[in-house]
Amino acid sequence: MRIISIMNQKGGCGKTTTAINLSAFLAEFGKKILLIDLDPQGHSTAGFNIKEGMIEQGLFDVFTKQASLEDIIKLQVYKGLDVAPTTVRLSAVEQYLSGTFERERQLRYHIERLKSPFEYDFIIIDCPPHLGLLVFNALMASSEVIVPIEPSSFSMQGIDKLLETIDLLKENAHHFLKVMALPTVYNHHSHFSRDILKQIFDKFQDLALKTVIRQNVKLKEAAQKGWPISVYDRNSFGAEDYRNLALEVIQQDEPAFIWSDQGSKEEVNEEANEPSFVETSAQEKGEEGRVENIMVVVQPSQGENETAGQTESLPEEKKFDSNAQEQS
Ligand SMILES: Nc1ncnc2c1ncn2[C@@H]1O[C@H](COP(=O)(O)OP(=O)(O)OP(=O)(O)O)[C@@H](O)[C@H]1O
Ligand SMILES: [Mg+2]
């Protein structure tokens, strides 16, 4: 199983668009996907047309131990794709978590407890636009991070802070993350766009993904409908780009490199980063228990798309203070 956080503390850079459409195309390629909506704004939840009224329990209830992750998962919102939805109540969870033991590892514990038949090839985590405890939970649960970067005046400014945060996890929590930069909302007619793309490639070098997501209004329209682009307009540029991104991600090896301070690559101690997920046998992979939550939400009408656990605890002094990292 690969767990990928879609993270950038900058707002509006395409995190949710990437989480939804990467998940949908990974599922189309036959992968079993869980999309965790870790943003209290709930845009990934809405992006699959899951309305607040349909959510009896969400991630807030998981973090506050009133539900397990399995309890809240909406099954088959799209073929092969399950969603762990959220509501705005999740915004209160950071305060709740701040007094909790191993507060940065709670999501990881919940993921480790997923049992058959909740088995996934990929878990994609849509992060909120700030560096708080929710994001630390996402990072501690992940082995890879995709950082969407859109061409805007401030888009490169927060990147150093973001990379510092990832280094902090490496130094203080011995948690290794493979970082991948994803240029988004790219407009090749714009000099500014081309300049930012060059800055991304210069900074990240071979940690920049080869796929570039072009600006495409169909992606915006699809989000408004509550459909992935693969359903809304599968012949659009947006669909082509996210299909290519899914292929690129599938074709990658499991993470073998990490970001380092010097901008160079160094090999990860894979054992240190190996999540302790329990393998289950083929016989255990029944469908029992999955039926109740099954939803088929994404149903375009004809023609509408034509136009378009327990981890070893660290000594107290080794723990980083994630509250100190908060930044709006
Ligand atoms: N490639 C694209 N082309 C055109 N519009 C896009 C593209 N990617 C994203 N958008 C639009 O830009 C807006 C912001 O995108 P999105 O919600 O994915 O960003 P975000 O990083 O998740 O934002 P937030 O930080 O608020 O969570 C949305 O209206 C979305 O439809
Ligand atoms: Mg978002």
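Helices α1, spanning residues 15–28, and α10, spanning residues 217–225, each supply at least two residues of the shell around ligand 1. In this predicted model, the largest share comes from α10, which gives four residues to that shell. Twenty residues surround the ligand in total, and those that come nearest are G11, K15, T16, T17 and P129. Sorted by chemical character, the shell around ligand 1 holds seven nonpolar residues, 10 polar ones and three charged ones.

The chain that forms these surroundings has 13 helices and nine strands, and of its 328 residues 45% are buried.

From the ligand, the reader can follow α1 to a helix that packs against it. Two packed helices are described by the angle between their axes and the distance between the axes. For α1 and α12, the latter running over residues 237–251, the axes come within 8 Å and cross at roughly 65°. Since angles of 65 to 115 degrees count as roughly perpendicular, the two helices α1 and α12 are therefore described as roughly perpendicular to each other. The crossing in which α1 passes α12 is right-handed. On the side of α1 the contact is made by N21, L22, F25 and L26, while α12 contributes Y242, R243, L245, A246, V249 and I250. Eight of the residues in this contact of α1 with α12 are nonpolar, one is polar and one is charged.

The other helix named at the outset, α10, contains Q224. This residue is exposed, because only 11 other C-beta atoms lie within 10 Å of its own, and 12 or fewer is the cut-off for that class. Although Q224 and A46 are 178 residues apart in sequence, their C-alpha atoms are 8.7 Å apart in space.

A contrasting environment is found at T184, which sits in the loop between β7 (178–183) and α9 (191–204). T184 is buried, because 26 other C-beta atoms lie within 10 Å, where 20 or more are required. Apart from its neighbours within four places in sequence, T184 is in contact with C13, G14, T18, P148, I149, E150 and I213. Its C-alpha atom is also separated by 7.1 Å from that of Q215, a residue 31 places away along the chain.

The backbone deserves a separate look. Most residues other than glycine have a negative phi, and most peptide bonds are trans. Against that background, the peptide bond from S116 to P117 is cis, with omega near 5°, and P117 is placed in the loop between α6 (106–112) and β5 (122–126).

Two further residues stand out through their phi angles. N49, which is not a glycine, has a positive phi of about 60°, and its place is in the loop between α2 (43–46) and α3 (59–63). With 16 C-beta neighbours inside 10 Å, N49 counts as partly exposed. K65, likewise a residue other than glycine, has a positive phi near 65° and lies in the loop between α3 and α4, the latter covering residues 69–72. Because 11 other C-beta atoms are found within 10 Å, K65 is classed as exposed.

Key. Residues are numbered from 1 along each chain as its sequence is written. Chains are lettered from A and ligands numbered from 1 in the order in which they are written. This is a predicted model: local features need pLDDT of at least 70, side-chain atom pairs count only at pLDDT 80 or more; totals for chains, interfaces and linings use all residues. A residue is near a molecule or strand if its C-beta atom, placed from the backbone, lies within 6 Å of it. Ala, Val, Leu, Ile, Met, Phe, Trp, Tyr, Cys and Pro count as nonpolar, Asp, Glu, Lys and Arg as charged, and the others, Gly among them, as polar. Axes are lines fitted to C-alpha atoms, for helices over the stretch in contact, and angles run from 0 to 180 degrees between N-to-C directions. Angles under 35 degrees count as roughly parallel, over 145 as roughly antiparallel, 65 to 115 as roughly perpendicular and the rest as oblique. A crossing is left-handed if the near helix is turned anticlockwise from the far one by less than a right angle, and right-handed if clockwise. Two residues are in contact if their C-beta atoms, placed from the backbone, lie within 7 Å.
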